[in-house]
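Dear colleague,

Please find the structure below, handed over for your review. My notes on it follow.

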Amino acid sequence: MTTQGGLGAVWPKTADTRQLSWTRSDWGLLLSAAALCAIGALLVYSATRNVEGAGSLVRHLFNTVVGVTLAVVVMRTDFRAIRALAPWVYLGAIVGLVLVLSPLGSTINGSRSWIQVPGFSIQPAELAKVALCVGLAMILAERGERGAPPPRRDVWLAGGVAALPILLVLAQPDLGSALVLVMLSVCVLAVSGASRWWLATIFTAMACAAVIAVTTNVLDPYQRARLTAFADPDGDPTGIGYQVQQVKIAIGSGGWTGEGLFQGRQTQGGFIPFQQTDFVFSVAGEELGFVGAAIVIALLGTILVRGVLIARRAQDSFGRLVAVGVVGWFLFQVLENIGMNLGLMPVTGLPLPFVSYGGSSMFACWVAIGLLENVHLVSLRRLY
């Protein structure tokens, strides 16, 4: 209970906490994510309407509604329960990643990343992002509550917890999602107070892995083709190089204000395969121009900034590390997706959060928003 002013009046926490949960939410975070989903609905519809009418639009909106519902559930869940459930969320993600590699898994675009169920498909790698956010935070937060860095034993345990899903995702193979999990883990470890030697070791291992990937045949042929197309877009003019070139043409033709919604020549002509997923940003660049693309980037930037502020204001180590994990996940995925659309990064098949078509990605992103809101509200309750 808290008191107000010098009157000594006592305010019951039950009613105030309930009101605080809804009136003091981080509305900048929520509205930015909702606006991105709305823009994404228009872009997905523009990219698919000539082939399947409003089918993808309806599914995108349905995925958004389910995602928002999940965010509300996570947001309203007691934070202690989230911490207690972290091992079970992690175990569920591992089981899903193992099932993907079993006969139950389905191969799409060279990657065995989906489990087909009646009516839709599930991508467990998206659940793994959520699982690492809460799992690593649970392991590394205990000493942080007392202002001490995590001991070597906890860092080793966190490394093993992160390595298992990363290796399972690489086995699919899904290099893009594996890189997101790596960067998420590095961000959490860095903020936890772990020794810089651990971070130096991780970055050295990443550099060695990159050299091995480029100089050997460890990557699948389609992954090597993506790297080759990044280095030499003209080297594969009928394969991945064609897709990259068409994306550049689409974005380059948009100019400042774009060719108009539903008017883009590349988009409406169907020249860009899978444009509603990996390359949805090119629809914004072509049809909405620099201004529209800048609005999308600004909304994504708002989510990242709000996430950083929530992490800074967190009143406990677990909440801070969860928020940092979400920010690291979103930051790398946004940079990679927009970078590959602009030809600045190799194509890895990562969706643009909240904008790209895809149920698993949408659900995971909204759960992450729910986690950020939960951390935010817990911090406010402890201040009042």
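The notes below cover the core, one surface patch and one helix residue.

This is a predicted model, in which local features need pLDDT of at least 70 and side-chain atom pairs count only at pLDDT 80 or more, while totals for chains, interfaces and linings use all residues. Residues are numbered from 1 along each chain as its sequence is written, and side-chain values use heavy atoms, leaving out hydrogens and water.

The largest nonpolar core (buried Ala, Val, Leu, Ile, Met, Phe, Trp, Tyr and Cys residues joined through side-chain atoms within 4.5 Å; buried means under 20% relative accessible area, with a 1.4 Å probe and protein chains only) has 95 residues. The members that touch the most others are W329, F330, F354, W366 and I369. Helix α13 (residues 317-341; helices are DSSP runs of H or I, at least four residues, numbered from the N terminus) gives the largest share of this core, 13 residues. Apart from neighbours within four places in sequence, W366 is in contact (heavy atoms within 4.5 Å) with L30, A33, A34, C37, T64, G67, V68, A71 and F354.

V378 belongs to helix α14 (residues 359-383) and is buried, at 7% relative accessible area. Its contacts beyond four places in sequence are F79 and D316. G319 lies 59 residues from V378 in sequence, with 8.5 Å between their C-alpha atoms.

On the surface, W88 of helix α4 (residues 79-100) has 61% relative accessibility and therefore counts as exposed (over 50%).

Yours sincerely

How values were computed: Helices (H or I, at least four residues) and strands (E, at least two) are DSSP runs, numbered from the N terminus.
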